[in-house]
Each structure stands twice: as C-alpha cells, then as structure tokens.
Amino acid sequence: MKIKWLLFFVVTAASFTATAQITGKIWPIEKANTWYDHHKWLSGADYIPATAINQLEMWQADTFDPVTIDKELGWAESIGFNTMRVFLHSIAWKEDPAGFKKRMDQFLTIASKHKIEPMFVFFDDCWNKVPKAGRQPEPKTGIHNSGWMQDPGQPASNDPNNFPGLEKYVTDVLKTFAHDKRILLWDLYNEPGNSGKRDSSLPLLRKVFEWARAVNPDQPISAGLWNWEYEKLNSFQALNSDVITYHDYDEPAQHLRVIQLLKTFGRPLICTEYMARLRNSRFQNVMPILKKENVGAINWGFVSGKTNTIYAWDTPIKDGSQPVEWFHDIFTKDGKPYKQEEVDLIKKMNK
C-alpha cells in the first residue's frame, strides 16, 4: 500500500505545472547536484543533548548546555558523522532574539570544531501541542518524547494572525546565517500535517518557503516528505525543495523502493529520519543501502537522555525499565555505545 501511494504521489507531482506550485526561485537541478557533489557522503543523527527534553530546553538561555553539546558532538566526530539535524524553536527566539542567535552561533562554533555541518529545522507538527517558555516538564517515565513540543503549536500553526510574528523569526534567523558556511541546509518544516493536521498545515508550509526564498540563503532549503497519503503537502514539498529530504522507518526492501522512486526527481536525496530497530530499520541493513545509493543518512536519536527515545513510539514502559531493545539512539549518557557492532559499522561506512 505504501509503495502504491508513493508511486501515485510521484506521478501526480510530476504532472503539476511549475507556475501553479513553485514558490520563489528553486535551485536548478544542476546547482543542487553540484552542491551535493562538493560534500563527502553525509551521515549523522537528529540531535538534541541528553540534558534537554525538547527544543526549548536546548535553546533557552537558562538551560543551554554547551559543555554537554561539545562532549556529545565529540562522540559524533569519533564515529565519522559530519552532519546533525537540529530543531530550533520560535518561542526561544521570541523570548530573546539576540541571545537565541548568539547561542546558535555558539553551537555552530562547537559543531565546526568537530567537523560537523548541521542542518537546522524551523517548524514542527509533532508531539505536544502547546509550547510555553520557561521551565520545561520533566520526562514522563518510560514514554517516548514525552516533552517534545510542536512549533508553533496547535492550533497556533493554523492561525494566520500568527504568521507575521513567525515571518520575523524565520527572516531574522535566515538573514543572520544566510552566508554561514558552517550550515549545511535549512529544513523548513518537520512532518507538516502530523498530529491530525493534514492539509491544514499547507498555508504555513507555503509561507515559510516564501519567507525563505525572499531571503535567498546560500544554503539549500527543503522540507522532508514523510507520509505518502498527503498528496497536496507532498507535491508542494517535493516541487519546492532544492534537495529532496525524506523520512523512512521501514525495512530495507521498502526503503530502497522509496529511494528509487524519489530519484526520478533528479535531485540529491537525504534521508533525515530512519533507524527504528523494532521496525527492522537498522544501521546494519539500511545504512549500507543509503551509502550505495549516495543518499545522505541521518538517523533519529544520538544519546539516550531526557527525550526517552530508547522507548518505542506507542509502547510505553510504565516502570521506566530498559526496553528489551532500544528503539532509537546510539550512545548512553556516559558515551558508551549501545551496540558496539553498530558503532563499528558506522565508522566503517564513514571510513
């Protein structure tokens, strides 16, 4: 069923006229591929420090933790990772625009020290609906991502009255870092339509692409494909992204088929979420495929911490005991590999 939906999406997207769908000036295919060819094969993880439960705790002044970030990005460097996907949050900027950008710059300095070019994510439709500034909640025992916050939230993302403030946020951040060579890519919207929003996220998705195109940063922009049933969202994302990014937590055969179909767009591919061990999406069986197909490989989860992503999405463990097998993540809080054979493979893939 998934492949049928994907094939339908690819054919449908190809049939739309550029004038009806494209916002601003997308990179020519040749430029996108030249940009991609100038990089080593991209590999990394979706990253948040073990000491943060969500994006706000990562970026707010009181809880920003450069010491832990430096330590953990050192672990990433040690296994050959050269990128990390990192979520921002509009509320952290709204509370302190200058300080927020200063902390972004500090993060980039640390990442550059470890030879890592991160990509930054602006908006997000996943998990908790009402983000608030200040002290963030404590993790709920044994529950995956119990404190992660949507951005700008629900129903906030559907209210056009919020768009001018969000435009100021996106524009300010992009203008500040538009020519920063330490940044790999801008991921404008994580999983638009999730949390039951579906096509109601399309207006904000369109706007964030408009705002980004108006700034015209040196780095490419994208928004990752993730649910093949969302025809309108998928078509807009694919036709407006300089580089095609996507999520896939399926087993190898299905994942490979997705890659083959997405290659028909002719643009570089980066998988910005994969690796859920209980779904048979593992480093051992998916990462070699991604490298062979020259697709960037960014798995969800790096260090086991307050996000609780060692637990599966819909399988809480009430007493907080260790699951039989971790769902995501590579390292324990003290830097020990969860599975040494996985770390050995990652090092081998990254030479």
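This report walks through three helix pairs, two cavities and a few backbone oddities in a predicted model.

## Helices α11 and α12

Let's start with the pairs of helices. Two packed helices are described by the angle between their axes and the distance between the axes. For α11 (residues 252-262) and α12 (residues 283-292), the angle comes out at about 20° and the axes are 10 Å apart. Angles under 35 degrees count as roughly parallel, so α11 is roughly parallel to α12. As for handedness, α11 and α12 make a right-handed crossing.

Who touches whom here? On the α11 side you'll find P252, H255, L256 and I259, and they meet N285, V286, I289 and L290 of α12. Sort the residues of this contact by class and you get six nonpolar and two polar, with no charged ones.

## Helices α12 and α13

α12 also packs against α13 (residues 340-350), this time at an angle of about 5°, with the axes 10 Å apart. That angle is why α12 and α13 are described as roughly parallel to each other.

From α12, the residues in this contact are F283, Q284, M287, P288 and K291. Their partners in α13 are E341, E342, L345, I346, M349 and N350. The class count for the contact of α12 with α13 is six nonpolar, two polar and three charged. So α12 has two sets of contact residues to look at: N285, V286, I289 and L290 meet α11, while F283, Q284, M287, P288 and K291 meet α13.

## Helices α5 and α7

Earlier in the chain, α5 (residues 66-78) and α7 (residues 97-113) pack with their axes 9 Å apart, at an angle of about 30°. Because of that angle, α5 counts as roughly parallel to α7. The crossing of α5 with α7 is right-handed.

The α5 side of the contact is made by P66, I69, D70, L73 and E77, and the α7 side by Q106, F107, I110, A111 and K113. By class, the contact of α5 with α7 holds six nonpolar residues, one polar and three charged.

## Two cavities

How many cavities of 30 Å³ or more does a search of the whole structure find? It turns up two. The largest cavity has about 100 Å³ of space. Its lining takes in D46, Y47, I48, F87, W148, W300, G301, F302, V303, T307, T309 and D329. Of these lining residues, seven are nonpolar, three polar and two charged.

The second largest cavity holds about 30 Å³. W27, A212, R213, N216, P217, Q219, I221 and D242 line this one. The lining of the second largest cavity splits into four nonpolar, two polar and two charged residues.

## The loop between β3 and α8

If you like backbone quirks, have a look at the loop between β3 (119-124) and α8 (163-177), where P152 sits. The peptide bond from D151 to P152 is cis, with omega near 5°. P155 is also in the loop between β3 and α8, and the peptide bond leading from Q154 to P155 is cis too, with omega near 15°.

W127 is another residue to check in the loop between β3 and α8. Phi of W127 is near 75°, which is a positive value in a residue other than glycine.

Conventions:
Residues are numbered from 1 along each chain as its sequence is written. This is a predicted model: local features need pLDDT of at least 70, side-chain atom pairs count only at pLDDT 80 or more; totals for chains, interfaces and linings use all residues. Side-chain values use heavy atoms; hydrogens and water are left out. Axes are lines fitted to C-alpha atoms, for helices over the stretch in contact, and angles run from 0 to 180 degrees between N-to-C directions. Helices (H or I, at least four residues) and strands (E, at least two) are DSSP runs, numbered from the N terminus. Angles under 35 degrees count as roughly parallel, over 145 as roughly antiparallel, 65 to 115 as roughly perpendicular and the rest as oblique. A crossing is left-handed if the near helix is turned anticlockwise from the far one by less than a right angle, and right-handed if clockwise. Contact means heavy atoms within 4.5 Å. Ala, Val, Leu, Ile, Met, Phe, Trp, Tyr, Cys and Pro count as nonpolar, Asp, Glu, Lys and Arg as charged, and the others, Gly among them, as polar. On a 1 Å grid over the protein atoms alone, a cavity is a set of points where a 1.4 Å probe fits but cannot get out, and a pocket is an open set with protein on both sides within 12 Å along at least five of seven lines; lining residues have an atom within 4 Å of a point. Grid points are joined across faces, edges and corners, and a volume is the space filled by probe spheres set on the points.
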